[in-house]
Amino acid sequence: MRKKYRYFIIAAGFIVLGLTFATKLIFNSEPAPKSVLLVGVVSQNKPYSWYNQKKQLIGFDIELAKKLAKKNNMHARFITGSRKRLYSKFEHGKIQLLFLNQSPAALKKDSYYKTDTYLYQPNVLITLSDHKISDLDNLVNYRIALSNHLNVPPTLQGKHIKFSRYSQSQKMLHAVLEKKVKAAVMSDYAYSAALQKEPLLSTELSKNAPFPPIVSQKIFGITSTNKSLLYKINTSLKTLEEDGTLAKLSQKFFNQDWSKQ
């Protein structure tokens, strides 16, 4: 009888120790570390991504990436640089989600997936005020200034138009003023920002409303060929659109809602 009682005491002791250990695991253990989402963004591409005076990385792409990562219990880690550098990093597997804000012409088509479109960036055609264009066919055989950040708009493709690429909006507009080009195509945001720097430009230059119109540029992300990651990103983008987050971010950085076509 005493022997059985002793076994009972020992068994009870093991049960208490086990419960104590389990309790410590539940209440004292640290949460599982979040996985990392490697995000590539262009260093100086305001208002999408840029370093402010405090050397902090900010912009639409930055906040969007953080929200996408949070939706999937991940932590966004940013890789910055020129588009050429980002292309190289992506090709070597160092970037999982790439924000270029234009088509990835330098990448092989089978090396990436495109996310769903989440912004529709309005573009404008700028000419001298006394040389407005009502029909895009009138630009045939002329040279047009085109922002480095834009794809050639579909309505300007196949029209025997010569394009000169520019990295700075101010230089594009001055090229129009100096008649080096017939017109300039840039984002509506870039044009407004240029006028803020040089208000007098508005007295000599004008937006045009040609037919067919200069269509908005579709903005999407680029992921590695990982179907699971693409599904997570697209699902999160849909949620951010439906709950109004994309519209709020667009208003914050572009002063317009670009989330709807």
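Is threonine 239 buried, partly exposed or exposed? Threonine 239 is partly exposed, with a relative accessible area of 30%. The model is a predicted one. Threonine 239 belongs to helix α6, residues 227–242. Its C-alpha lies 9.3 Å from that of lysine 71, although 168 residues separate the two in sequence.

## Helix α2

Helix α2 covers residues 60–71. How far apart are its end C-alpha atoms? They are 17 Å apart. Twelve residues at 1.5 Å a residue should span 16 Å, so the model agrees with the expected value.

Seven names make up the buried list of α2: Phe60, Asp61, Ile62, Leu64, Ala65, Leu68 and Ala69. Lysine 67 also sits in α2. Its relative accessibility is 34%, so lysine 67 counts as partly exposed. Just past the helix, asparagine 73 adopts a positive phi of about 55°.

## The positive patch

Which residues form the positive surface patch? They are Lys34, Lys67, Lys70, Lys71 and Lys248. Helix α2 is the main contributor, giving three residues. Lysine 67, at 34% relative accessibility, is one of the patch residues.

## Salt bridges

How many salt bridges does the count give? The count is five. Three of them are described here, among them the pair of glutamate 63 and lysine 252.

| Pair | Closest N to O distance |
|---|---|
| Glutamate 63 and lysine 252 | 2.5 Å |
| Lysine 159 and aspartate 137 | 2.7 Å |
| Lysine 207 and aspartate 188 | 2.8 Å |

Take glutamate 63 and lysine 252, whose side chains meet at 2.5 Å, N to O. Glutamate 63 is in helix α2 and lysine 252 is in helix α7 (residues 245–254), so the bridge ties together parts that are 189 residues apart in sequence. Glutamate 63 has 24% relative accessibility and therefore counts as partly exposed. Lysine 252 is exposed, at 51%.

Next come lysine 159 and aspartate 137, in a salt bridge of 2.7 Å, N to O. Both partners are in loops: lysine 159 between β9 (143–147) and β10 (162–166), aspartate 137 between β8 (123–128) and β9. The pair therefore ties together parts that are 22 residues apart in sequence. Is lysine 159 buried or exposed? Lysine 159 counts as buried, at 17% relative accessibility. The cut-off for buried is under 20%. Aspartate 137 counts as partly exposed, at 44%.

In the lysine 207 and aspartate 188 bridge, the closest N and O atoms are 2.8 Å apart. This pair links distant parts of the chain, 19 residues apart. Lysine 207 is in strand β12 (residues 205–207), and aspartate 188 is in helix α5 (residues 188–197). Lysine 207 is partly exposed, with a relative accessible area of 41%. Aspartate 188 is buried, at 10%.

## Backbone details

Where do cis peptide bonds occur? One runs from lysine 46 to proline 47, with omega near 5°. Proline 47 is in the loop between β1 (35–42) and β2 (50–51). Another cis bond joins phenylalanine 211 and proline 212, where omega is about -10°. Proline 212 is also a loop residue, between β12 and β13 (217–219).

Positive phi angles turn up as well. Lysine 55, a residue other than glycine, has phi near 60°. Lysine 55 is in the loop between β2 and β3 (57–58). Its relative accessible area is 72%, and lysine 55 is exposed.

What is the phi of asparagine 255? Asparagine 255 has a positive phi of about 60°, although it is not a glycine. Its place is the segment after α7. At 60% relative accessibility, asparagine 255 counts as exposed. Asparagine 73, just after α2, has its own positive phi of about 55°.

Notes
Residues are numbered from 1 along each chain as its sequence is written. This is a predicted model: local features need pLDDT of at least 70, side-chain atom pairs count only at pLDDT 80 or more; totals for chains, interfaces and linings use all residues. Side-chain values use heavy atoms; hydrogens and water are left out. Helices (H or I, at least four residues) and strands (E, at least two) are DSSP runs, numbered from the N terminus. The expected span of a helix is 1.5 Å times one less than its number of residues. Buried means under 20% relative accessible area, exposed over 50%, partly exposed in between (1.4 Å probe, protein chains only). A salt bridge is a side-chain nitrogen of Lys or Arg within 4 Å of a carboxyl oxygen of Asp or Glu. Patches are made of residues with over 30% relative accessible area and no salt bridge: like charges are joined within 9 Å, nonpolar side chains (Val, Leu, Ile, Met, Phe, Trp, Tyr) within 5 Å. Accessible areas come from the Shrake-Rupley method with a 1.4 Å probe; for residues, only the protein chains shown count as cover. Lys and Arg count as positive and Asp and Glu as negative; His and the chain ends are not counted. The place of a charge is taken as NZ of Lys, CZ of Arg, CG of Asp or CD of Glu.
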